[in-house]
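This briefing describes how a ligand is held in a protein model and how aromatic residues pair within the protein. The sequence and structure are shown first.

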Amino acid sequence: MGKDVIIACDFSSAGECLDFLSEFTGRKPYVKIGMELFYSAGPDMVRKIKEKGHPIFLDLKLHDIPNTVMKAMRVLSNLDIDMCNLHAGGTKAMMEAALTGLTRADGSRPLLIAVTQLTSTDEARMRADLLIERPLAEVVQHYAVCAKEAGLDGVVCSPLEAEQVHHVCGNRFLTVTPGVRFPEGDKGDQARVTSPADAKKMGSDYIVVGRPITAAADPVAAYERCVADFVD
Ligand code: C5P
């Protein structure tokens, strides 16, 4: 499976997103559609972007009882998306049910990736709010192993965790990593950031890049730079 750059299209309307993507006349980038865009523009937006030839990561982070997640995944599998995700915290039973729902009649399915602990959750909050006493790194690795045992394809994590995840789950288990910035770029609200070149060195399989591309003066050039540093 090849490495790729996924653009986080965090726009609040279909128009804004389609205007942005119309600038990409050559290579069609992998697009991440998150809750904001999906809840405002709906499944039609997914179909429109797919028709333009973009691979799609639908980032809706499902977390519910297994039966509900299975049925929701069945609906999503009809959208011809390439990747989607859920919370590993929903347990292996939920992840297995999700895989069942996601698998189409012909046996094909989108990649299914688990969120371990959100990067907004630090060790102190995990202890105080979730009553999880183990170190964060151990929790991330354990959730990754559970996702692998449930049959999932990989996890969302920081590039800084990619090596550890590959160590416990093998190199074919995918790491999809946000928190990427150019060395001279603005960090925004991301606390720990990694450059595309360093993410490549750390073994990330996909980098998710939002504002360094969407807010760039020349988004196509910023995207091509990510590809040159991470993929080529
Ligand atoms: O603009 P920026 O490059 O920070 O965008 C990163 C994208 O990755 C956003 O859509 C954000 O919601 C998502 N993400 C993240 N950290 C996680 C999971 C998802 O930044 N742990």
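In this predicted model, a polar side-chain atom of Asp-10 lies 2.7 Å from an oxygen atom of the ligand. The points below set out the other polar contacts, the surroundings of the ligand and the aromatic pairs.

**Polar contacts with the ligand**
- Lys-32 places a polar side-chain atom 2.9 Å from an oxygen atom of the ligand.
- For Thr-119, the partner is a nitrogen atom of the ligand, which lies 2.8 Å from a polar side-chain atom of this residue.
- Of the 470 Å² of accessible area that the ligand has on its own, the protein covers 82%.

**Shell and pocket**
- The ligand takes up the space of the largest pocket.
- Around the ligand are Ala-8, Asp-10, Lys-32, Thr-119, Pro-178, Arg-181, Gln-190, Val-208, Val-209, Gly-210, Arg-211 and Pro-212.
- By residue class, this shell comprises five nonpolar, three polar and four charged residues.
- At least two residues of the shell come from strand E8 (206-209), and at least two from helix H9 (211-214).

**Aromatic pairs**
- Five aromatic pairs are found in a search of the whole structure.
- One of them joins Tyr-30 and Tyr-206 in an edge-to-face arrangement, with 5.7 Å centre to centre and 70° between the planes.
- Because Tyr-30 belongs to strand E2 (residues 30-34) and Tyr-206 to strand E8, this pair ties together parts that are 176 residues apart in sequence.
- Strand E8 thus appears in both topics: it holds Tyr-206 of the aromatic pair and supplies at least two residues of the shell around the ligand.

Definitions and conventions: Residues are numbered from 1 along each chain as its sequence is written. This is a predicted model: local features need pLDDT of at least 70, side-chain atom pairs count only at pLDDT 80 or more; totals for chains, interfaces and linings use all residues. Side-chain values use heavy atoms; hydrogens and water are left out. A residue is near a molecule or strand if one of its heavy atoms lies within 4 Å of it. A polar contact is a pair of N or O atoms within 3.5 Å; within protein, one must be able to donate a hydrogen and the other to accept it, and residues adjacent in sequence count only if both atoms are side-chain atoms. Accessible areas come from the Shrake-Rupley method with a 1.4 Å probe; for residues, only the protein chains shown count as cover. On a 1 Å grid over the protein atoms alone, a cavity is a set of points where a 1.4 Å probe fits but cannot get out, and a pocket is an open set with protein on both sides within 12 Å along at least five of seven lines; lining residues have an atom within 4 Å of a point. A molecule sits in a cavity or pocket if more than half of its atoms lie within 2 Å of its grid points. Helices (H or I, at least four residues) and strands (E, at least two) are DSSP runs, numbered from the N terminus. Ala, Val, Leu, Ile, Met, Phe, Trp, Tyr, Cys and Pro count as nonpolar, Asp, Glu, Lys and Arg as charged, and the others, Gly among them, as polar. Rings of Phe, Tyr and Trp (its six-membered ring) pair if their centres lie within 6.5 Å; planes under 30 degrees apart count as stacked, over 60 as edge-to-face and the rest as tilted.
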